[in-house]
Structures are given as structure tokens and as C-alpha cells.
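User: I have a structure open here and would like to talk it through with you. Could we begin with the overall picture and then go into some details?

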Amino acid sequence: MKHGEISKILLVWGGDPDQMLVDMNLHPGSGIGGALGAIVEGIDLKHKMEKYNDAIEANSVEMSLSKTINRTIIDKLQNEHYQVHAMDTPVGRHHEFLENYEGYSADAFLDIRILYAGYRSKTSLAPYLPVIAVKVRMVDGNTGEDLYLAYYYYGVSSYLPEGVNKIEPSEAYTFSDINDLVTQSARSELGLKNAAITIADHIAIDIR
């Protein structure tokens with residue numbers, strides 16, 4: 001973009017995951033080992049996810065992380081005098097790039113996909129912090145070639161593949177356990193929104 005060959009950008013997005021994640025890097029079930037440990041871990045995390053997502057739904061407040069990312073990137077790039085527009089509605093699956101961008105016109109397409117989002121802890125005794133994983137691709141509007149491809153991970157992690165842009169989570173939004181997440185679900189949504197804005201800031205800087 002810095003060479004002035006791109007001025008009009010169409011932001012393509014895939015919406016939000018169906019459910020918010022509740023996870024931990026080292027679950028007590030892993031200490032049991034084998035199939036039994038995996039079953040214990042799966043049942044426990046599924047129960048926690050259901051409790052948390054029910055609490056979010058009860059808030060009756062629309063929270064769209066993808067729209068938050070879109071708005072942040074658009075504002076940042078428009079301040080740099082780029083013409084940036086987002087598609088009115090999400091297209092495709094939330095975690096998969098579009099195969100092609102036929103029927104759309106722009107110097108470049110910025111395709112943003114949220115792989116998952118929610119809260120993750122290091123262990124059963126550690127606090128939960130926001131986690132969002134996003135992949136981004138910019139495609140040349142004329143040639144269809146990739147101009148940029150990156151993965152961003154905001155949150156605690158025990159292992160990440162090489163090349164992932166790791167962003168340390170803010171400790172301003174920590175929750176001691178699943179009950180804390182549920183009772184403070186409205187505050188937890190603010191934590192996710194803050195994480196989404198942070199990722200969007202990084203994306204806007206990197207693609208410039």
C-alpha cells in the first residue's frame with residue numbers, strides 16, 4: 001500500500017463465531033490421560049461454554065467482534081486517506097477466506113476472519129483472560145494475488161505455530177473462574193471488545 005498503488009479497499013468479513021469459547025491450556029483432565037481424560041475435559045469445557053454463552057445471550061445486547069474490528073480498521077485507514085468500505089453483511093463462513101472475489105470491484109480486498117473468540121486460562125487455577133484468533137488476507141483486485149497474509153492471536157497460550165502474531169492480553173479484564181465470567185458477563189464482553197480493537201489496530205498498522 002505504501003507505494004500508492006492501492007487506494008480503494010473493500011473489507012470482506014465473515015461474521016462472528018456461533019459461540020464464545022471457554023477454554024484452558026492445561027485442563028485437570030489432561031492429568032488423567034488417555035480417552036477418559038479427554039472425555040472429562042470435553043464435558044467440563046462444554047458445560048462452561050454453555051453457562052457463559054447463556055449468560056451473554058441473557059444480556060440482550062448485540063456484541064459483534066467482527067463489526068468492531070471492521071469499524072476500527074476503517075477509521076484507521078481512512079485517517080491515512082485510503083478509501084475503505086466494508087461489505088454490508090458477512091459473506092462465507094466466519095473462519096474461511098472467500099475462494100474468489102468475483103463480482104466485486106476494488107484495488108484490493110481485505111478479508112478478515114475470526115477463527116474463535118472467548119476466554120482462556122493457563123490452568124484451572126489461573127484467571128480467565130480474553131482470547132481472539134484472527135486470520136487476515138489482502139488480495140490484489142486486478143491480479144487476484146495475495147498481497148498480505150497473517151494470523152493474529154490475542155490471549156494466553158502454551159504453544160502457537162511459527163509465524164503467528166502473538167499479542168499479550170490486557171490484565172484489565174481478568175476473571176477468576178467460570179462463575180466470575182457468568183456473573184460479570186457484561187464486563188467480559190467489554191474485555192472481548194477491547195481485544196478486538198487491539199487486534200484491529202495491529203492489522204491496520206501492518207498492512208500500511
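Analyst: What follows goes from the overall make-up to a helix pair and then to two single residues, and please keep in mind that this is a predicted model.

User: OK, how many helices and strands are there, and in what order do the elements run?

Analyst: The protein has five helices and seven strands, and from the N terminus the order is β-β-α-α-α-β-β-β-β-β-α-α.

User: And how much of the protein is buried?

Analyst: Of the 208 residues, 46% are buried, while the accessible surface amounts to about 10900 Å², with 49% of that area belonging to carbon and sulfur atoms.

User: What share of the contacts comes from residues far along the chain, 24 or more positions apart?

Analyst: Among contacts with a separation of 6 or more, 68% are between residues 24 or more positions apart.

User: Switching to helices: how do H3 and H5 pack?

Analyst: Helix H3, residues 65-78, packs with helix H5, residues 185-207, at an angle of about 40 degrees, and their axes are 8 Å apart. The two helices are therefore oblique to each other, and their crossing is right-handed.

User: Which residues meet there, and what classes are they?

Analyst: From H3 the contact includes Leu-65, Ile-69, Ile-73 and Lys-76, and from H5 it includes Leu-192, Ala-196, Asp-201 and Ile-207. By class, the contact of H3 with H5 has 11 nonpolar, two polar and three charged residues.

User: Now Val-12, is that one buried or exposed?

Analyst: Val-12, which is found in strand S1, residues 8-13, has a relative accessibility of 0% and therefore counts as buried.

User: What is Val-12 in contact with, leaving aside its neighbours within four places in sequence?

Analyst: With those neighbours left aside, Val-12 is in contact with Met-87, Val-91, Leu-98, Tyr-101, Phe-109, Leu-110, Asp-111, Ile-112 and Arg-113. Taking Arg-113 from that list, Val-12 and Arg-113 are 101 residues apart in sequence, and their C-alpha atoms are 8.7 Å apart in space.

User: Last one, His-81: where does it lie, and what is its phi?

Analyst: His-81 lies in the loop between H3 and strand S3, which spans 83-86, and the phi of His-81 is near 75 degrees, a positive value in a residue other than glycine. For background, most residues other than glycine have a negative phi.

User: And is His-81 buried or exposed?

Analyst: His-81 counts as exposed, because its relative accessibility is 73% and the cut-off for exposed is over 50%.

How values were computed:
Residues numbered from 1 in each chain as written. Predicted model: local features only at pLDDT ≥ 70, side-chain atom pairs only at ≥ 80, totals over all residues. Heavy atoms only, no water. Axes fitted to C-alpha atoms, helices over the stretch in contact; angles between N-to-C directions. Helix = DSSP H or I, 4+ residues; strand = E, 2+ residues; numbered from the N terminus. Parallel < 35°, antiparallel > 145°, perpendicular 65-115°, else oblique. Left-handed = near helix turned anticlockwise from the far one by under 90°. Contact = heavy atoms within 4.5 Å. Nonpolar A, V, L, I, M, F, W, Y, C, P; charged D, E, K, R; others polar. Buried < 20%, exposed > 50% of the residue type's maximum accessible area, 1.4 Å probe, protein only. Areas by Shrake-Rupley, 256 points an atom, 1.4 Å probe, with all protein chains shown as cover.
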